[in-house]
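Student: I'd like a close look at one part of this protein, please. Could you take me through how a pair of its helices packs together?

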Amino acid sequence: RIELEKEVESISYSNAGVTVNLTNGNVYTAEHAICTFSSGVLNNGLVNFIPRLPKWKQDALSKVPMSFYTKIFLKFQIKFWEDKEFILHASKRRGDFPVFQNVPINTKEGGVLMATITGSEALRIENQSDEDTRSEVMATLRQLYGVIPEPTEMFYARWSKDPYTRGAYSDPTLDARPCDFDNMLLPLDTLFFAGEATSEEWTGYMQGAYLTGKHAAKRVL
């Protein structure tokens, strides 16, 4: 059975099984459970584990924090840019909309550009208004192309503010070691772990989530 739109408040685990408490008051018990929360959720303590996660697992999780990666989509009625996949922008300010990408769409007129920003600049953008972001990105495009129209639509996800991810995808620190991924995967009694952050080979990718989930399911069975 799949339960949608349910938020986990706490997870109690022991050799006898797992109890999951939801914020709506519902309680679920099972012989085993697989935890696939993002490292952003786990590192920010958004779920209460009883007993607390041991220090060796917390230390491992801290080596694979969530990254900040923002894609800003802008739709224009007139296509004023080159018919190339990537458009690069050099600026004195680090991270100042360095890459625009031509997004192929099935239309005879206009087009869509995608601006990519990362790190502290992505975090800054995600914490400001749409109006401020539109103003900044259009100022950059007008430096490149001169007089151009305003976009008819703009959209970007604020992954850093999403309480269920707290970031775009996991990104290992420079001092992350293979044993850190092993420790993230190690079960605690009847509570198993999976997710893209726990995959040393496919960290940050869907393959990592799928393969570690499959591995955990086999161990449970």
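Which residues in α2 meet which residues in α5?

Tutor: Happy to help! This is a predicted model, in which local features need pLDDT of at least 70 and side-chain atom pairs count only at pLDDT 80 or more, while totals for chains, interfaces and linings use all residues. Residues are numbered from 1 along each chain as its sequence is written, and side-chain values use heavy atoms, with hydrogens and water left out.

On the α2 side the residues are W56, K57, A60 and L61, and they meet D180, N183, M184 and L185 in α5. Contact here means heavy atoms within 4.5 Å. By class, five residues of this contact are nonpolar, one is polar and two are charged. The classes work like this: Ala, Val, Leu, Ile, Met, Phe, Trp, Tyr, Cys and Pro are nonpolar, Asp, Glu, Lys and Arg are charged, and the others, Gly among them, are polar.

Now the geometry. Two packed helices are described by the angle between their axes and the distance between the axes. Helix α2 covers residues 55-62 and helix α5 covers residues 178-185; their axes come within 8 Å and cross at roughly 125°. That makes α2 oblique to α5, given that angles under 35 degrees count as roughly parallel, over 145 as roughly antiparallel, 65 to 115 as roughly perpendicular and the rest as oblique. The axes are lines fitted to C-alpha atoms, for helices over the stretch in contact, with angles from 0 to 180 degrees between N-to-C directions. The crossing of α2 past α5 is left-handed, meaning that the near helix is turned anticlockwise from the far one by less than a right angle.

For context, the protein has six helices and eleven strands, taken as DSSP runs (H or I, at least four residues, for helices; E, at least two, for strands) and numbered from the N terminus. Of its 221 residues, 36% count as buried, that is, under 20% relative accessible area with a 1.4 Å probe, protein chains only. Along the principal axes, the C-alpha trace spans about 70 × 40 × 30 Å.

Helix α4 offers two examples of buried residues. T133, found in α4 (residues 130-145), counts as buried because its relative accessibility is 0%. Beyond residues up to four places away in sequence, T133 touches I72, I125, Q128, M154 and Y156. L141 is also placed in α4, and at 1% relative accessibility L141 counts as buried. Its contacts, leaving aside neighbours within four places in sequence, are F76, F100, L113, G146 and I148.

Methods: Buried means under 20% relative accessible area, exposed over 50%, partly exposed in between (1.4 Å probe, protein chains only).
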